[in-house]
Amino acid sequence: MTIEIGSRKVGPGQPTYVIAEIGLNHNGDVEIAKRLIDVAADAGADAVKFQKRTPEIATPEHMRDVPRETPWGTMTYLEYRYRVEFSREQYIEVGDYATMRGLHWFASPWDVPSVEFLENLRVVAHKVASASITDLEMLAALRETGKPIILSTGMSTIEQIDRAVAEVGTENLILMHATSTYPMEPGEANLRMINTLQARFPGVPVGYSGHERGLQISAAAVALGAVAVERHITLDRTMWGSDHAASLEPTGFEHLVRDIRVIEEALGDGVKRVYEGELAPQAKLRRVQA
């Protein structure tokens, strides 16, 4: 089964849908967000993704008053969440810029009002962050939009994934295998879960959302059948913020997209044939002809 995001088909037999996760790596700065959009577009990605919260709803109560050191001074965690959140006007600006660069753009809503906020901006799809997979109220709101839903499965049990899939339905769904460690070590990648999810939810396209250092694991996910790959991007991994260390810098992301396209071509169709380039070696080396 393929899912249509905008004019793009996502699923088996289609080019890998590459999502550049900007998230909060813009640090609340529209100009940084635009530079990251440029990184994604120049590398050949298909989409950029942000995160959208209503801070007073999405911030866990036990975290709200926890002090946090930030580039703007010490503030509570709730104040920090407000500081890095884009306004409607800012989202229109970065969304228009992404569209101008030929990219889809959407976000992970973290609460029901954020779903409504994004719907008002006419995003082409919605992404469910792994942390939100148990928020059945929000999942129901997403299903009501009728838009494609990309659902990450990190920090979740298989039973929680089952409940989430039952809530959103399978008709317009892409599942993303993920491990929510930042950064993730190779031993926690468990890439065979891609095949487990394919078998458990027949017909549902399965992709991979990675938080590892480097490129190899994401490339291997494509070889195992991932139809989409999402990776965080940053201008500089040493920048302040929680996600930068698990992100790819511009050159790394460019190389990842390049490698994904090579792997797609190399996978072929599984039909054995003698290629034209083999004919000369065959004539030279094969002593006994069939």
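**Aromatic rings and their partners**

Let me start with a contact you can find on the screen: the charged end of Arg53 sits over the ring of Trp110, at 3.8 Å from the centre of that ring. Please keep in mind that what we are looking at is a predicted model. There is another arrangement of this kind, in which Arg68 lies over the face of Tyr80, with 4.4 Å to the ring centre.

Now let us turn to rings that meet other rings. A pair of aromatic rings is described by the distance of the centres and the angle of the planes. When the whole structure is searched, 7 aromatic pairs are found. One of them is formed by Phe86 and Tyr91, whose centres are 5.7 Å apart and whose planes make an angle of 85°, an edge-to-face pair. Phe86 has a relative accessible area of 3% and Tyr91 one of 0%, and because buried means under 20%, both residues count as buried.

Tyr91 also pairs with Phe117: the ring centres are 5.7 Å apart and the planes stand at 70°, so this pair, too, is edge-to-face. Here the contact joins distant parts of the chain, since Tyr91 belongs to helix α4, residues 88–100, whereas Phe117 belongs to helix α5, residues 112–120, and the two residues are 26 residues apart.

Which residues make up the aromatic cluster? Phe86, Tyr91 and Phe117, which we have just met, form one aromatic cluster together with Phe50 and Trp105.

Terms used. Residues are numbered from 1 along each chain as its sequence is written. This is a predicted model: local features need pLDDT of at least 70, side-chain atom pairs count only at pLDDT 80 or more; totals for chains, interfaces and linings use all residues. Side-chain values use heavy atoms; hydrogens and water are left out. Rings of Phe, Tyr and Trp (its six-membered ring) pair if their centres lie within 6.5 Å; planes under 30 degrees apart count as stacked, over 60 as edge-to-face and the rest as tilted. Buried means under 20% relative accessible area, exposed over 50%, partly exposed in between (1.4 Å probe, protein chains only). Helices (H or I, at least four residues) and strands (E, at least two) are DSSP runs, numbered from the N terminus. A charge sits over a ring if NZ of Lys or CZ of Arg is within 6 Å of the ring centre and within 35 degrees of the ring normal.
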